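Student: I am new to this structure. Please pick out one helix, look at it closely, and then set it in its surroundings.

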Amino acid sequence: MSVQHGSILTSQTQAGPFAGLANRLFGGNLRRADWIAFALLAPTLIFFSIGVLYPLFETIRVSFLDWTGLSQPKPAGFSNYTKLFRDANFWNALRVTLTWTLACTGISVAIGWSVALISGLAPKQTAPFRVAIFAAYGISETASGLMWLGILQPDFGLLNGILRLVGLEGWASPWLGEPSTAIWGVVAAYVWTQAGLPLLTCYAAIQAIPKSQLEAAHMDGASHFQILRYIMAPLSLPGVRIAIFINLLNSLKAFDMIHILTAGGPIRATETVGYFMYQESVIYFKQGYGAASTVVLLLAVIVCSIPLILDKASESK
Amino acid sequence: MITQTPKWPVYVLGSVALVWIIPLVGIIAMSIRPEGEITSGWWTIEPFTFTLDAWREVWVNYPIGRAFLNSLAVASFATVLPVLFAPAAAYAFHYLKFPFRRILLLILVNAFVVPNQVVIIPLFKLWRETGLIDTYWSVVIPFVGLSFAWAVLLVKNFLSNFPRSLIDAAQVDGCGHLRTYFFIVLPNTITAMAAVGILQFMWTWNSLLLPMLFLRENATLPVMLSTISGAYEPNWDQRAVATIITSILPLVIFLFFQKYFSADGKNNSGSKG
């Protein structure tokens, strides 16, 4: 496709009446086009190299070094990685990451998809509700975390307040201070910010369904539920798919919300690999070790995005 | 479409939306009530005292004005640069043929996999060595670099809907690639650039990890907020105000443009077909 695009100038000039003139003017016009291409690309490549490529390769390099605090770095082979997989805390982080990503992705996509489907039945009347849910996506995780403290705070948070009000005082709990519930508190706050995206992608897919198809189903006597179940649900699957990917990657990379609400605690109950890395490299200053855990995080993200990468490979010909 | 719309979706989604705005209602309630009433529950109705004290005091107790300006500077620089450069790169990838084109594009568009956690330690060391630590550049450079992964692809996809006849016409009329880019393609990619700009502004304004590590003196709003976010910190009323001030700009921009995101935004490039 774009190979043809790429050769617009050459094919045009060769085929067109100006071919000879253009060739004489440009000499080897390909080399000139190369220069133009790299001039257009230069700013992108410079920022990309300093801001992404250099740190990426540096992190991979450091992960093979024995380097803690102020000591001289020594080559360490794979020892950081073998240490990592003998570290009970890292296994804990892997377990937490699994729970965290599955819960955040599953719940946010389930909510976004359901809301999109239901509002597909009454698009006009439910528009303000969609905006309300979507709006949370524009709020930073930091600010969202503080808002959710208003719900989860043990002494005067709304959740405990309601429980006390309806006489379930025994259920009131310091949600974020309790190792067994802390992760669900953070998941709730994170889902609150993330559900807007599945709503957007699924609703866009539902909007793209031809009206005639829905009308035909209705004429044939399909109930609202049948329309929802057999037409909208299957036809919105592309939106679901892209939302699963984006939210999966986002929750794997998550840091801000965890940092604000629990900072990985209590007793590492909310420490994902993305947070473990921060503890090891930034707090304990174990550079080699922290870098190794970062590389594991990177590999996890890459594995999860293989379908997307393949998509892009075919798209970016 | 469906001749009569059922009533129940309105009720169901109304209750979901209600749950969704409770945290927002809470933070607004906290910002306009004295702290004594907050610590007995911001949702309580009796007694309700309206006060704007927190809105006045927050500027004194927290460096919030400065943080706002820092956030504005960081997010603006980190937005303007990709908006300027991504279309140029997308044009080169889409219309030009040059060595390493395919491999460069593949590396660039797949860099979306790189988490912020990967870049923080090497860049921290680099900024310390070069003296860039605590300058806007220390966060703007990685923000801009990371943005190209999706921004270039977004503009490039936009260009694939761009009528080729316009480009061909320009070139028959004697425009070189630079002139074609500046006078034909660039003015027509404004929709795509607006999408890049809005998303990038929102994300960089909201982000915490990079500014938290690289900007000490020049803390942005989320960084400032994170230092006062503990569950047992005092000044709930003022922290609520700080939270609102942090959220208001991206939220307004986002709500203002949310229609635009749900529209499929194909093209309006001065020619049909």
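Tutor: What follows begins with one helix of chain B and then turns to its surroundings.

This is a predicted model, in which local features need pLDDT of at least 70 and side-chain atom pairs count only at pLDDT 80 or more, while totals for chains, interfaces and linings use all residues. Residues are numbered from 1 along each chain as its sequence is written, and chains are lettered from A and ligands numbered from 1 in the order in which they are written.

The part is helix H1 of chain B, residues 8-31. Helices (H or I, at least four residues) and strands (E, at least two) are DSSP runs, numbered from the N terminus. From first C-alpha to last, the 24 residues of H1(B) reach 35 Å, close to the expected 34 Å; that expected span is 1.5 Å times one less than the number of residues.

H1(B) has a kink of about 35° at B:Ile21, shortly before the proline B:Pro23. The bend is the angle between axes fitted to the seven residues ending at a residue and the seven starting there.

Which residues of H1(B) are buried? They are B:Pro9, B:Leu13, B:Val16, B:Trp20, B:Pro23, B:Gly26, B:Ile27, B:Met30 and B:Ser31. Buried means 20 or more other C-beta atoms within 10 Å of a residue's own, exposed means 12 or fewer, and partly exposed is in between, with C-beta atoms placed from the backbone. An α-helix has 3.6 residues a turn, so residues three or four places apart point the same way.

UniProt, in an unreviewed entry, places "transmembrane region" at several stretches of chain B, including residues 12-32, 67-91 and 180-203. Such positions use the numbering here, feature names are shortened, and annotations may be inferred rather than shown by experiment. Residues 67-91 of chain B are 100% helix and 0% strand, with end C-alpha atoms 37 Å apart. For residues 180-203 of chain B the figures are 96% helix, 0% strand and 32 Å between the end C-alpha atoms.

Next comes the partner chain. In chain B, 90 residues are in contact with 92 residues of chain A, contact being C-beta atoms, placed from the backbone, within 7 Å. H1(B) supplies 15 residues to the side of chain B that touches chain A, the largest share. By class, that side of chain B has 64 nonpolar, 22 polar and four charged residues. Ala, Val, Leu, Ile, Met, Phe, Trp, Tyr, Cys and Pro count as nonpolar, Asp, Glu, Lys and Arg as charged, and the others, Gly among them, as polar.

H1(B) appears again beside helix H10 of chain A, residues 179-194. H10(A) has 16 residues and reaches 23 Å, close to the 22 Å expected. Among the buried residues of H10(A) are A:Ala182, A:Val186, A:Tyr190 and A:Trp192. Their cover includes H1 of chain B, together with helices H6 (88-121), H8 (141-152), H11 (196-207), H14 (237-253) and H15 (256-261) of chain A.

Chain A itself has 18 helices and two strands, and 45% of its 317 residues are buried. Among the "transmembrane region" stretches that the unreviewed UniProt entry lists for chain A is 182-206, which is 96% helix and 0% strand, its end C-alpha atoms 36 Å apart. UniProt's "domain: ABC transmembrane type-1" (unreviewed entry) covers residues 94-310 of chain A.

The other thing to place is the largest nonpolar core, with 169 residues; such a core is a set of buried Ala, Val, Leu, Ile, Met, Phe, Trp, Tyr and Cys residues joined through C-beta atoms within 7 Å. The residues with the most contacts inside the core are A:Ile133, A:Leu199, B:Ala86, B:Ala89, B:Val152 and B:Val155. Leaving aside residues up to four places away in sequence, B:Ala86 touches A:Thr44, B:Phe148, B:Ala151, B:Val152, B:Val155 and B:Val196.

Two residues of helix H7 of chain B round out the picture. B:Leu154 lies in H7(B), residues 136-160, and is buried because 21 other C-beta atoms are within 10 Å. Its C-alpha is 32 Å from that of B:Leu24, 130 residues away along the chain. Beyond residues up to four places away in sequence, B:Leu154 touches B:Ala192, B:Ala195 and B:Val196. B:Ile141, also placed in H7 of chain B, counts as buried because it has 27 C-beta neighbours inside 10 Å. With the same sequence neighbours set aside, B:Ile141 touches A:Phe47, A:Ile50 and A:Gly51.

Conventions. Two residues are in contact if their C-beta atoms, placed from the backbone, lie within 7 Å.
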